[in-house]
Amino acid sequence: LCAFIRAHEATPKQCFSNLFPFGVASAAFQTEGAWNVSGKGESIWDRYTHEHPELVFDHNNADVATDSYHKYEDDVKIAKQLGVTFYRFSISWPRILPTGLRNKINEDGLKYYHNVIDALLRENIVPVVTMYHWDLPQSLQDLGGWTNPTIAEYYVDYARVLFENYGHKVNTWLTFNEPLSFCHDGYGGYDAPGSRSSGFEDYLCGHNVLRAHGMTFRMFQREFSHLKASVGITLDLSWLEPATTSADDQEAAETARQFRFGWFSHPILSKEGDYPRVMRESIDRNSKRQGFFRSRLPSFTPEEVDMIKNSYHFLGLNHYTTYLVSKGSGKISTKPSFDDDMGVKISQNPSWPKTNSTWLRVVPWGFRKTLNWVKNSFNNPLLIITENGVPFEAGLQDVKRVNYIEAYLRSLHDAIYKDGCNVFGYTYWSLMDNYEWMRGYSERFGLFEVDYKSSNLTRSARLSAAFYSTVARTKCIPD
Ligand code: BGP
């Protein structure tokens, strides 16, 4: 009886502050399509998915995606229908600079994003722009891409074009989305460009991304401070929970957090302005044992440390799920490998609820722990949740997605209002189903369902759209 009464007790309503902004996110490659239209150059994801359809789960490419290049007005309309405060989308570098270089600006590309931004502003939706969401111009990859130090300068040129053209309309900028993903999975694994050079090219990529980020932030301060805009970077952190209470597993979990999040956050947010010590020591030691004359993890010059340290106005955080971490075997492999450098075992608890994605289980309490860990590790930085979401099967009655969003928002609410985490906004991934990288169209994260069989790629609101709309408008989680 007691349990019954407790289950039916009214939960106190959890409300966010009146000004707390809720938004939705998307990314250029995943939605625009029109991959070779109106002067757009080829990106590494165009090349990779065209050359290796067999590596994509459903063997599809993003040539059309959700056709947002032509249907952006529909996207703005459904965002409006949700009542969100902002829309986070990304700009495709090769649509603006087809060869990646500033020698040729594609006017049609510039015009396209003006149209998107203007359509949003007309509806009072704030544009939040990601400058790089993984679609590097192929011509820059032909020069080594993110492993070539010169790319940082090309990136600054590109960023300058964006500030010059859109700076008067956009006041929230993210330089990069999830460097862990595109360096670790792209240069160290099977995502584009598919270098599979783990423990080597992934570190070079990370190093040049951090340099490019710092250089861009300083360029913004020097040349565009009159714009009163804010510049941040989006990093991703799944919660990494010790598998047991043993000291070894606690230490392993902290090491994993430093490798997966500290890699990028430590140089920007810590007072040392450098890679985490545990990462430096492990990679230096393993490199030596493997016979390298120098560490596989590059070093920053003192000038670079100063440039990168504190190069942010706010931090974007993507969070989806939780993993368990236990102590590794301690074996040193003869080959470079990020996982061996990190040296821990990562798993998930099979009792955590599954989703339509192999890596994503529903673990709402991990969100609160993530936010508290970031707060305690980096002096409570100003954060916006730039992605949080879940894939389930097609269908409009997505009760499971509603439950995921509700549970994660409750966890976020506790982190902010009980623990004092400095979070100033939340973004659901994604506005609508889209091309989910190596999983093609098989994973559906959308609040709106996209009917890929219909000729006009119809977008239909799911139950979760109505739920999220209530949250966005009332700022409260419905009971
Ligand atoms: C994030 C990316 C998004 C989106 C999301 C879904 O890592 O920033 O672009 O794709 O993950 O995950 P996935 O496509 O890996 O299933």
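## Strand 8, the barrel and its surroundings

Strand 8, residues 314–318, is mostly covered, with four of its five residues buried. The model described here is predicted.

**The barrel**

Strand 8 belongs to a barrel closed by eight strands, which follow one another in the order 2-3-4-5-6-8-11-12. The pairing in this barrel is parallel. On average, neighbouring strands of the barrel are turned by 25 degrees against each other, direction ignored.

In the barrel order, strand 8 sits between strand 6 and strand 11. Strand 6 covers residues 230–236 and runs parallel to strand 8, the two being joined by five bridges. Two positions show how these strands line up: Gly232 stands opposite Phe314 of strand 8, and Ile233 stands opposite Leu315 of strand 8. With strand 11, residues 383–387, strand 8 pairs in the parallel sense over four bridges. Here Asn318 stands opposite Glu387 of strand 11.

**The open sheet**

Three further strands form an open sheet in the order 7-9-10, with mixed pairing. Strand 7 (239–242) and strand 10 (344–347) are at the edges; each has a single partner strand, so one side of each is left without a neighbour in the sheet. Neighbouring strands of the open sheet are turned by 35 degrees against each other on average, direction ignored. Strand 9, residues 322–327, pairs with strand 10 in the antiparallel sense, over four bridges. One of the contacts with strand 10 is that of Lys327, whose bridge partner is Val344.

The strand pairs described above are listed here.

| Strand pair | Sense | Bridges |
|---|---|---|
| Strand 6 and strand 8 | parallel | five bridges |
| Strand 8 and strand 11 | parallel | four bridges |
| Strand 9 and strand 10 | antiparallel | four bridges |

**A helix pair**

Helix 16 spans residues 399–417 and helix 17 spans residues 463–474. Their axes come within 8 Å and cross at roughly 25 degrees. Angles under 35 degrees count as roughly parallel, and helix 16 and helix 17 are therefore roughly parallel to each other. The crossing of helix 16 and helix 17 is right-handed.

**Around the ligand**

There are 15 residues around the ligand, and those that come nearest are Ala27, Glu178, Glu436, Trp437 and Glu443. Sorted by class, the shell around the ligand holds six charged, five polar and four nonpolar residues.

Methods: Residues are numbered from 1 along each chain as its sequence is written. This is a predicted model: local features need pLDDT of at least 70, side-chain atom pairs count only at pLDDT 80 or more; totals for chains, interfaces and linings use all residues. A residue is near a molecule or strand if its C-beta atom, placed from the backbone, lies within 6 Å of it. Ala, Val, Leu, Ile, Met, Phe, Trp, Tyr, Cys and Pro count as nonpolar, Asp, Glu, Lys and Arg as charged, and the others, Gly among them, as polar. Two strands pair if DSSP finds at least two bridges between them. Axes are lines fitted to C-alpha atoms, for helices over the stretch in contact, and angles run from 0 to 180 degrees between N-to-C directions. A residue is buried if 20 or more other C-beta atoms lie within 10 Å of its own, exposed if 12 or fewer, and partly exposed in between; C-beta atoms are placed from the backbone. Angles under 35 degrees count as roughly parallel, over 145 as roughly antiparallel, 65 to 115 as roughly perpendicular and the rest as oblique. A crossing is left-handed if the near helix is turned anticlockwise from the far one by less than a right angle, and right-handed if clockwise.
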